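Let's work through some exercises on how helices pack and which residues end up inside. Have a go at each task before you read its solution.

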Amino acid sequence: MLTHQLSSKIIKRLFGQNPHELLGINHTYIGDVHRKLGNYEKAEISYFTAKNILSSLYDPNHIEIADILHSQGLVFKKQGLYDDIYIKYYLFFSSIILW
């Protein structure tokens, strides 16, 4: 079993199936590793999972959510999708109060 799979399994065992901050952060780290290895599709999946978990725990302008969005932006930039995705995130940020 891979280390990240084991850590996710331990977190789920400790905290049950309810979303927990550590599980979301764990998926963020997994996404970071995939991004740095050039596995952009796997990174997107990990970031998406992390964002879903942490969005259920935090407000949209929380620093952990911002970190995930930044990491997703790096993946999109590496894939050449940076300009296309700009509109999606502009709409996301214009729907929340940042200050």
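Before we start: this is a predicted model.

**Exercise 1. Describe where His-27 sits and which residues it touches beyond its neighbours within four places in sequence.**

Solution. Start with the address: His-27 belongs to helix H2. Next, list the partners. Leaving aside neighbours within four places in sequence, His-27 is in contact with Ser-8, Ser-46, Thr-49, Ala-50 and Ile-53. Last, check the burial: the relative accessible area of His-27 is 16%, and buried means under 20%, so His-27 is buried.

**Exercise 2. Work out how H2 and H3 are arranged, and what kinds of residues make the contact.**

Solution. First get the geometry. Helix H2 covers residues 21-37 and helix H3 covers residues 40-55; they pack at an angle of about 160 degrees, with axes 8 Å apart. Angles over 145 degrees count as roughly antiparallel, so that is how H2 runs relative to H3. Now the hand: H2 and H3 make a left-handed crossing. On the H2 side, the contact includes Leu-23, Ile-25, His-27 and Ile-30, while on the H3 side Ala-43, Tyr-47, Ala-50 and Ile-53 are among the residues involved. Sorted by class, the contact of H2 with H3 has nine nonpolar, seven polar and four charged residues.

One of those H3 residues deserves a second look. Ile-53 lies in helix H3, and its relative accessibility is 12%, so Ile-53 counts as buried. Ile-53 and Ile-25 are 28 residues apart in sequence, yet their C-alpha atoms are 8.9 Å apart in space.

**Exercise 3. Do the same for H3 and H4.**

Solution. The axes of H3 and H4 come within 10 Å and cross at roughly 160 degrees. That angle makes H3 roughly antiparallel to H4. Again, the hand comes next: the crossing of H3 and H4 is left-handed. Among the contact residues are Tyr-47, Phe-48 and Leu-54 of H3, and Ile-65, Leu-69 and Phe-76 of H4. By class, the contact of H3 with H4 splits into 11 nonpolar, three polar and four charged residues.

**Exercise 4. Now pair H2 with H4: are they roughly parallel or antiparallel?**

Solution. Read the angle first: H2 and H4 pack at about 20 degrees, with their axes 11 Å apart. Angles under 35 degrees count as roughly parallel, so H2 is roughly parallel to H4. H2 passes H4 in a left-handed crossing. Who meets whom? Ile-25, Thr-28, Asp-32 and Arg-35 of H2 meet Glu-64, Asp-67, Ile-68, Ser-71, Leu-74 and Val-75 of H4. Those residues divide into four nonpolar, two polar and four charged.

**Exercise 5. Find the largest nonpolar core and place Tyr-58 in it.**

Solution. List the members: the largest nonpolar core has nine residues, namely Ala-43, Tyr-47, Ala-50, Leu-54, Tyr-58, Ile-65, Ile-68, Leu-69 and Val-75. H3 and helix H4 (63-78) each supply at least two of them. Tyr-58 itself is in the loop between H3 and H4. With a relative accessibility of 19%, Tyr-58 counts as buried, because the cut-off is under 20%. Not counting residues up to four places away in sequence, Tyr-58 touches Glu-21, Glu-64 and Ile-65. Of these, take Glu-21: Tyr-58 and Glu-21 are 37 residues apart in sequence and 9.2 Å apart in space, C-alpha to C-alpha.

Technical notes:
Residues are numbered from 1 along each chain as its sequence is written. This is a predicted model: local features need pLDDT of at least 70, side-chain atom pairs count only at pLDDT 80 or more; totals for chains, interfaces and linings use all residues. Side-chain values use heavy atoms; hydrogens and water are left out. Axes are lines fitted to C-alpha atoms, for helices over the stretch in contact, and angles run from 0 to 180 degrees between N-to-C directions. Helices (H or I, at least four residues) and strands (E, at least two) are DSSP runs, numbered from the N terminus. Angles under 35 degrees count as roughly parallel, over 145 as roughly antiparallel, 65 to 115 as roughly perpendicular and the rest as oblique. A crossing is left-handed if the near helix is turned anticlockwise from the far one by less than a right angle, and right-handed if clockwise. Contact means heavy atoms within 4.5 Å. Ala, Val, Leu, Ile, Met, Phe, Trp, Tyr, Cys and Pro count as nonpolar, Asp, Glu, Lys and Arg as charged, and the others, Gly among them, as polar. Buried means under 20% relative accessible area, exposed over 50%, partly exposed in between (1.4 Å probe, protein chains only). A nonpolar core is a set of buried Ala, Val, Leu, Ile, Met, Phe, Trp, Tyr and Cys residues joined through side-chain atoms within 4.5 Å.
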